[in-house]
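Student: Got a minute to look at this one with me? I'd like to start with the ligand site and then wander off to the rest.

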Amino acid sequence: MRFDILTLFPGMFSSPFGESILGRAIEKGLIQIRIINIRDFALDKHQVVDDAPYGGGQGMVMKVEPIARAIEQVKSGDASARVIYLTPQGRPFDQERARELASYPRLILLCGRYEGVDERVRDRFVDEEISIGDYVLTGGELAAMVVIDAISRLLPGVLGSDRSAVEDSFFNSLLEYPQYTRPFDFKGSLVPEVLISGNHQSIAQWRRKEALRRTWLQRPDLLEKARLSPEDRRFLGEIKKENCKSQMADRELENHRAEKTEIPN
Ligand code: 4GX
């Protein structure tokens, strides 16, 4: 798969794509990433890429012509390439969209700066707008890296061969279960006994239940979409009871503390 990134800050991409899994994927030829400096496509001798907004207001707007020329050059190599603009106004990015985009042979990612791009860039060149979340970045570069990272790890050979199961857990729309490694005892915090029991069935059940617990506590919205077995529903019943009990214990402790604390006046 091939990614072409259009940016005013090409230097931002060197380490994320030079390191670790993505670096190796590039070395192996599983993904190709080309960084294109929009400034190289400016028409004037001062290579101006932004200008004041028509109608007034603060900030600068990225000019249409340099972006148009950059996109046209990339598309002259492959007219089918899909143009994605990273912006908070875009469709929220998620695992499902990552999976869909992984089947495109070529994506062009346009990174905006300042107050964004001239609207005519969107009208004429952008196929899709993506937001990586409801917050404001200083530019689209980090968002482009997030999107490329999430797509790349889904491509065959990018992760180790035993990693397709990792996808499954999000596919089942539950959060991951807690993980532990050595030492068994870290300053009195122990690893749950079941994990050293050697009983694979108990371990699998414990992990499923803890995945359900986390999802219920931290992302109950995900449970609505999840496909749950009768055993899952039993686990959730237990989790809710356990949560009640632990809340009662917390309240007990809180009362106990309150009794011992003198309230001045
Ligand atoms: N998910 N940004 C785009 C420039 C901009 C400003 C105004 C349109 C209108 C972002 C995000 C994000 C910062 C990229 C502003 N574009 N991109 N940039 N959240 O915050 O994707």
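**Ligand site and core**

Tutor: Sure. By class, the shell around the ligand is made of ten nonpolar, eight polar and one charged residues. Keep in mind that this is a predicted model.

Student: Which residues come nearest to the ligand?

Tutor: Out of 19 residues around the ligand, the nearest are Tyr85, Ile132, Gly133, Tyr135 and Leu137.

Student: What does the side chain of Tyr85 have close to a nitrogen atom of the ligand, and at what distance?

Tutor: An N or O atom of the Tyr85 side chain sits 3.0 Å from that ligand nitrogen.

Student: And Ile132, which part of that residue lies 2.9 Å from a nitrogen atom of the ligand?

Tutor: The backbone: one of the N or O atoms there is 2.9 Å from a ligand nitrogen. Thr87 also uses a backbone N or O atom, this time 3.4 Å from an oxygen atom of the ligand.

Student: How much of the ligand does the protein bury?

Tutor: The protein buries 91% of the 460 Å² that the ligand exposes when taken alone.

Student: Which elements give two or more residues to that shell?

Tutor: Strand S5 (82-92) and strand S7 (128-131) do. S5 has the largest share, with five residues.

Student: OK, changing topic. How many aromatic pairs turn up in the whole structure?

Tutor: Just one aromatic pair is found. Phe13 and Phe17 make it, with their ring centres 5.9 Å apart and 20° between the planes, so it counts as stacked, the cut-off being under 30 degrees.

Student: Is Phe13 buried or exposed?

Tutor: Phe13 is buried, because its relative accessible area is 2%, and the cut-off is under 20%. Phe17 is buried too, at 8%.

Student: What about the largest nonpolar core, how many residues does it have?

Tutor: It has 27 residues, and Phe3, Leu86, Leu109 and Ile151 have the most contacts inside it. The elements giving two or more residues to this core include strand S1 (2-7), helix H2 (20-27), S5 and helix H6 (141-152).

Student: Which element gives the largest share of this core?

Tutor: That's H6, with seven residues.

Student: Last one: where is Ile148 found, and is Ile148 buried or exposed?

Tutor: Ile148 is in helix H6. Its relative accessible area is 0%, so Ile148 is buried. The C-alpha atoms of Ile148 and Ala98 are separated by 8.7 Å, though these residues are 50 apart along the chain.

Notes
Residues numbered from 1 in each chain as written. Predicted model: local features only at pLDDT ≥ 70, side-chain atom pairs only at ≥ 80, totals over all residues. Heavy atoms only, no water. Near = heavy atom within 4 Å. Polar contact = N/O pair within 3.5 Å; in protein donor to acceptor, adjacent residues only side chain to side chain. Areas by Shrake-Rupley, 256 points an atom, 1.4 Å probe, with all protein chains shown as cover. Helix = DSSP H or I, 4+ residues; strand = E, 2+ residues; numbered from the N terminus. Nonpolar A, V, L, I, M, F, W, Y, C, P; charged D, E, K, R; others polar. Phe/Tyr/Trp six-rings, centres within 6.5 Å; stacked < 30°, edge-to-face > 60°. Buried < 20%, exposed > 50% of the residue type's maximum accessible area, 1.4 Å probe, protein only. Core = buried A, V, L, I, M, F, W, Y, C linked by side-chain atoms within 4.5 Å.
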